[in-house]
Amino acid sequence: SGYINADESHIRVLDRDHENGVRLGFMWVYVGGGTVIYDYCPGRGREHPSNFLEGYVGYLQTDAYAGYNQVEREEEIRRLSCLAHVRRKIFEVLESERAPAEKLLAYIRDLYAIESRTKGDLPEERLKVRQAESLPILHNFHAYLKELEGSVLPRSSIGEAVSYAHNQWPGLIRYALEDGRLAIDNGLVE
């Protein structure tokens with residue numbers, strides 16, 4: 001399809017040879033082109049998505065799990081991040097860091113409003129709107145992240161949320177720069 005969403009979740013697996021008769025396994029889920037594929041693997045290692053996506057060329061949208069990093073380096077895959085995960089990290093610090101968290105959440109709310117308004121549009125039209133309206137918001141959001149990064153303690157709750165968002169930035173902005181088919185988050189597979 002040229003665009004895949006992926007996620008992995010642990011599941012309990014019956015195993016007579018394991019203590020208590022149960023061990024953890026992982027179900028990797030891939031969604032693309034109207035198809036959903038579940039790929040059971042005994043672990044969560046990076047070899048699993050690397051093996052599954054071998055030869056794939058296109059976009060891959062995931063959370064920030066490092067197990068996907070190898071795929072991005074080895075294959076012709078352009079990785080997208082998930083704004084919903086960034087939003088959750090910021091929301092978690094709302095009580096302790098109200099002012100900066102509210103400002104960051106306002107940027108995110110505005111981005112989702114644009115997505116909601118353009119939901120049924122053709123990809124080409126959606127990309128034009130994103131470039132005209134979302135990119136300025138994204139640039140302001142990023143500037144504020146940089147400002148915060150220089151003024152908060154890195155190990156503080158807000159510092160960690162800002163660092164998370166900043167580290168995801170190249171994959172966060174890609175949906176508004178490159179292709180109107182791409183989603184703002186990984187909600188489809190989550």
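Modeller: Buried means under 20% relative accessible area, exposed means over 50%, and partly exposed is in between, with a 1.4 Å probe and protein chains only. The model is predicted, so to speak of local features a pLDDT of at least 70 is needed, side-chain atom pairs count only at pLDDT 80 or more, and totals for chains, interfaces and linings use all residues. Residues are numbered from 1 along each chain as its sequence is written, and side-chain values use heavy atoms, with hydrogens and water left out.

Biologist: What percentage of the protein chain counts as buried?

Modeller: The C-alpha atoms fill a box of roughly 55 × 40 × 30 Å along the principal axes. The protein chain has 190 residues, and the buried part is 49%.

Biologist: In what order do the elements run from the N terminus?

Modeller: Helices (H or I, at least four residues) and strands (E, at least two) are DSSP runs, numbered from the N terminus. The protein chain has 7 helices and 5 strands. From the N terminus on, the order is β-β-β-α-β-α-β-α-α-α-α-α.

Biologist: What is the average twist of the sheet from one strand to the next?

Modeller: The sheet is open, with 5 strands in the order 3-2-1-4-5 and mixed pairing. Strand 3 (35–41) and strand 5 are its edges, each pairing on one side only. From one strand to the next, the twist averages 30°.

Biologist: Do strand 1 and strand 4 run parallel or antiparallel, and which residue of strand 4 stands opposite Asn5?

Modeller: Two strands pair if DSSP finds at least two bridges between them. Strand 1 (residues 3–14) and strand 4 (residues 57–61) have 3 bridges, in the parallel sense. The residue of strand 4 that stands opposite Asn5 is Gln61.

Biologist: At what angle does helix 7 run to strand 5?

Modeller: Axes are lines fitted to C-alpha atoms, for helices over the stretch in contact, and angles run from 0 to 180 degrees between N-to-C directions. Helix 7 lies across strand 4 and strand 5, and its angle to strand 5 is about 95°.

Biologist: Which elements give two or more residues to the largest nonpolar core?

Modeller: A nonpolar core is a set of buried Ala, Val, Leu, Ile, Met, Phe, Trp, Tyr and Cys residues joined through side-chain atoms within 4.5 Å. The largest has 37 residues, and Leu83, Val86, Ile90, Leu104, Leu138, Phe141 and Tyr175 have the most contacts inside it. The elements that give two or more residues to this core are helix 3 (83–91), helix 4, helix 5, helix 6 (157–167) and helix 7.

Biologist: How many residues are in the other core that lies apart from it?

Modeller: Among the members of this other core are Ile4, Ala6, Val71 and Ile77. Its residue count is 13.

Biologist: How many salt bridges are there?

Modeller: A salt bridge is a side-chain nitrogen of Lys or Arg within 4 Å of a carboxyl oxygen of Asp or Glu. By this rule the count is 11.

Biologist: How far apart in sequence are the parts that Glu178 and Arg78 tie together?

Modeller: Glu178 and Arg78 form a salt bridge, with 2.5 Å between the closest N and O atoms. Glu178 lies in the segment after helix 7 (169–177) and Arg78 in strand 5 (residues 76–80), so the parts tied together are separated in sequence by 100 residues.

Biologist: Is Arg130, the partner of Glu115, buried or exposed?

Modeller: Glu115 forms a salt bridge with Arg130, the closest N and O atoms being 2.6 Å apart. Glu115 lies in helix 4 (residues 98–117) and Arg130 in helix 5 (residues 123–149), so the pair ties together parts 15 residues apart in sequence. Glu115 is buried at 7% relative accessibility. With a relative accessible area of 0%, Arg130 is buried.

Biologist: Which side chain makes a polar contact with the side chain of Thr62?

Modeller: Thr62 is in the loop between strand 4 and helix 2 (69–74), and is buried with a relative accessible area of 0%. A polar contact is a pair of N or O atoms within 3.5 Å; within protein, one must be able to donate a hydrogen and the other to accept it, and residues adjacent in sequence count only if both atoms are side-chain atoms. At 2.7 Å, the partner side chain is that of Arg79.

Biologist: Which residues does Val189 touch, not counting residues up to four places away in sequence?

Modeller: Val189 is in the segment after helix 7 and is buried, with a relative accessible area of 11%. Contact means heavy atoms within 4.5 Å. Not counting residues up to four places away in sequence, Val189 touches Asn5, Ala6, Asp7, Val29 and Val31.
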